[in-house]
Amino acid sequence: MRTRRRALDAGERLGAATALADVVAALADFHNASHVAVYIAMDGEIDPSPLVAHARRAGKQLYLPVLAAGDGNRLEFAPWLPDTPLYPNRFRIPEPHTDNPYPPQKLDLVFTPLVAFDAQGRRLGMGGGFYDRTFAFLKDGVSKPRLIGLAYEFQHLPSLDEQAWDVPLAGVATDRGFYRFDG
């Protein structure tokens with residue numbers, strides 16, 4: 001999947017990212033959210049930049065994930081304004097510096113990158129478990145934030161193996177539509 005993502009040319013990436021933004025902008029989850037976490041696309045991930053533009057025009061407060069200080073296996077979230085300086089973390093992913101992270105429990109909506117997803121809402125990430133550790137509290141019946149994966153349609157697989165630590169997604173938005181997994 002990662003190879004296939006990276007093989008897309010610039011026009012295909014932009015077309016998919018624009019289509020995805022239109023799909024998400026039509027969702028009630030998006031309209032009802034005030035505090036929204038996004039990511040910066042790396043390694044061929046679908047680019048949320050057009051979605052970020054929609055969110056900024058709609059007055060959403062945006063956040064980016066940052067590696068948690070003292071616990072590099074968990075994420076914190078930092079406010080992200082258009083002029084926020086970004087610095088590469090240990091994985092070379094740009095992130096803002098923050099001394100006052102926004103608690104993940106207070107986010108309304110979190111858009112996550114993924115390598116693949118299935119019809120049950122299982123997400124295959126890059127293997128570090130960052131999102132699963134950070135949002136493990138959602139497995140206790142907590143309903144906020146809602147985790148929505150962003151993907152190219154070709155990343156949809158019939159089935160993925162489930163692990164005990166996996167936190168299921170509420171849905172996945174692709175360049176072709178939306179899959180809801182939580183009813």
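Begin by selecting arginine 56 together with tryptophan 80 in this predicted model, and turn the view until you can see the charged end of arginine 56 sitting over the ring of tryptophan 80, 4.8 Å from the centre of that ring. Next, select lysine 60 and phenylalanine 30, where you will find lysine 60 lying over the face of phenylalanine 30, at 4.9 Å from the ring centre.

From charges over rings, move on to rings beside rings. The count of aromatic pairs comes to seven, and one of them is formed by phenylalanine 77 and phenylalanine 135, which you should select now. A pair of aromatic rings is described by the distance of the centres and the angle of the planes. For phenylalanine 77 and phenylalanine 135 these values are 5.8 Å centre to centre and 45 degrees between the planes, and the pair is tilted. Follow the chain away from each ring: phenylalanine 77 belongs to strand E3 (residues 71–79), while phenylalanine 135 is found in the loop between helix H5 (130–134) and strand E9 (146–151), so the pair ties together parts that are 58 residues apart in sequence. Both phenylalanine 77 and phenylalanine 135 are buried. If you add Tyr131 and Phe137 to the selection, you will see a cluster in which ring pairs link Phe77, Tyr131, Phe135 and Phe137.

For the last stop, select arginine 5, which has its place in helix H1 (residues 2–7). Is arginine 5 buried or exposed? Arginine 5 counts as buried because its relative accessibility is 0%. Leaving out residues up to four places away in sequence, the residues that arginine 5 touches include Arg13, Asp43, Glu45, Met126 and Tyr152.

Technical notes. Residues are numbered from 1 along each chain as its sequence is written. This is a predicted model: local features need pLDDT of at least 70, side-chain atom pairs count only at pLDDT 80 or more; totals for chains, interfaces and linings use all residues. Side-chain values use heavy atoms; hydrogens and water are left out. Rings of Phe, Tyr and Trp (its six-membered ring) pair if their centres lie within 6.5 Å; planes under 30 degrees apart count as stacked, over 60 as edge-to-face and the rest as tilted. Helices (H or I, at least four residues) and strands (E, at least two) are DSSP runs, numbered from the N terminus. Buried means under 20% relative accessible area, exposed over 50%, partly exposed in between (1.4 Å probe, protein chains only). A charge sits over a ring if NZ of Lys or CZ of Arg is within 6 Å of the ring centre and within 35 degrees of the ring normal. Contact means heavy atoms within 4.5 Å.
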